[in-house]
Amino acid sequence: MIRVVLADDESVVRAGVRMILAADPGIEVVAEAGDGRTLVELVRERRPDVALVDIRMPDLDGLAATAEIRRAVPGTAVLIMTTFGRDSYIARALADGAAGFLLKTGDPREFLLAVRAVAEGGAYLSPRVAARVIGELAGDRLARGTAARERIDVLTRREREVLGLVGAGLSNAEIARRLHLVEGSVKTYVSTILGRLGVRNRVQAAVLAHEAGLADPG
């Protein structure tokens, strides 16, 4: 069972999202919050697999709450949801350690896909958000590629293989099957890779893998 804490300052929105998530019997909303401060307290108390967080909330906004959750409860993946697709929001959310970014105006099925993806150690970007991120990266691709290849020089051959599969969007379990490893070993590799590369989460590692040409679409 994937345990979720849901945060939005509008009760109607929380009710709608809760109904969407209820369509998957493997997902359970264990607590709800109407402001960022309550959200952080609930996450500390309940230790959910996923925190589904709106950006615009009173007391503490969703972006500040994300940073605090990632510091206090790193085992909880944060999935940002908003009606706003501003580039500054996207960049800050990912920089603060969010594992995914959803637009409320997107397909409701995205909520189920995104929650499952981040709960399994992966990442999820709404297609519209992904298009913006890719467009931004394309503007300086050559320089980024050179810098990325220099950064991954610190990795072993096996670590590069794992990073490439992270970049392809595979979960830890899928990487373990692909490389004939136990899932615990993959988690250790991923943790080591994040530390050696100086990145905060799998999203940033995946971007670096793409920039370095490591991502394996197969």
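# Questions about this model

User: At roughly what angle do the axes of helix α1 (residues 11–22) and helix α5 (residues 109–119) cross?
Analyst: Helices (H or I, at least four residues) and strands (E, at least two) are DSSP runs, numbered from the N terminus. Axes are lines fitted to C-alpha atoms, for helices over the stretch in contact, and angles run from 0 to 180 degrees between N-to-C directions. In this predicted model, the axes of α1 and α5 come within 9 Å and cross at roughly 70°.

User: How are α1 and α5 oriented to each other?
Analyst: Angles under 35 degrees count as roughly parallel, over 145 as roughly antiparallel, 65 to 115 as roughly perpendicular and the rest as oblique. Their crossing is at roughly 70°. So α1 and α5 are roughly perpendicular.

User: Which residues of α5 make the contact with α1?
Analyst: Contact means heavy atoms within 4.5 Å. On the α1 side, Val-17, Ile-20 and Leu-21 take part. Their partners in α5 are Phe-111, Leu-112 and Val-115.

User: What pLDDT do local features need here?
Analyst: Good thing to ask: residues are numbered from 1 along each chain as its sequence is written, and side-chain values use heavy atoms, with hydrogens and water left out. As this is a predicted model, side-chain atom pairs count only at pLDDT 80 or more, totals for chains, interfaces and linings use all residues, and local features need pLDDT of at least 70.

User: How are α8 and α9 oriented to each other?
Analyst: Helix α8 (residues 157–167) and helix α9 (residues 172–179) have axes that come within 10 Å and cross at roughly 130°. Arg-158, Glu-161, Val-162, Leu-165 and Val-166 in α8 meet Ile-175, Arg-178 and Leu-179 in α9. The orientation of α8 and α9 is therefore oblique.

User: Is the crossing of α8 and α9 left-handed or right-handed?
Analyst: A crossing is left-handed if the near helix is turned anticlockwise from the far one by less than a right angle, and right-handed if clockwise. By that rule, the crossing of α8 and α9 is right-handed.

User: Which residue does UniProt mark as "modified residue: 4-aspartylphosphate"?
Analyst: UniProt positions are given in the numbering used here, feature names are shortened, and annotations may be inferred rather than shown by experiment. This one comes from an unreviewed entry. The marked residue, found in strand β3 (residues 50–54), is Asp-54.

User: Is Asp-54 buried or exposed?
Analyst: Buried means under 20% relative accessible area, exposed over 50%, partly exposed in between (1.4 Å probe, protein chains only). Leaving out residues up to four places away in sequence, Asp-54 touches Ala-7, Asp-8, Asp-9, Gly-62, Met-81, Thr-82 and Lys-104. Because the relative accessibility of Asp-54 is 5%, this residue counts as buried.

User: How many residues has the largest nonpolar core?
Analyst: A nonpolar core is a set of buried Ala, Val, Leu, Ile, Met, Phe, Trp, Tyr and Cys residues joined through side-chain atoms within 4.5 Å. Val-5, Leu-39, Val-43, Val-53, Ile-69, Ile-80 and Phe-101 have the most contacts inside the largest one. Its number of residues is 30.

User: How many residues are in the other core, which lies apart from it?
Analyst: Among the members of this other core are Leu-163, Leu-179, Ala-205 and Ala-209. The number of residues in it is 22.

User: How far is Phe-101 from Tyr-124 in space, C-alpha to C-alpha?
Analyst: Phe-101 lies in strand β5 (residues 100–103) and, at 0% relative accessibility, counts as buried. Not counting residues up to four places away in sequence, its contacts include Ile-80, Phe-84, Tyr-89 and Tyr-124. Although 23 residues separate Phe-101 and Tyr-124 in sequence, their C-alpha distance is 6.6 Å.

User: What share of residues 148–213 is helix?
Analyst: UniProt, in an unreviewed entry, gives this span as "domain: HTH luxR-type". Its end C-alpha atoms lie 9 Å apart. Strand makes up 0% of the span, and helix 73%.

User: Is Asp-59 buried or exposed?
Analyst: Asp-59 sits in the loop between β3 and α3. Its phi is near 70°, a positive value in a residue other than glycine. Because its relative accessibility is 60%, Asp-59 counts as exposed.
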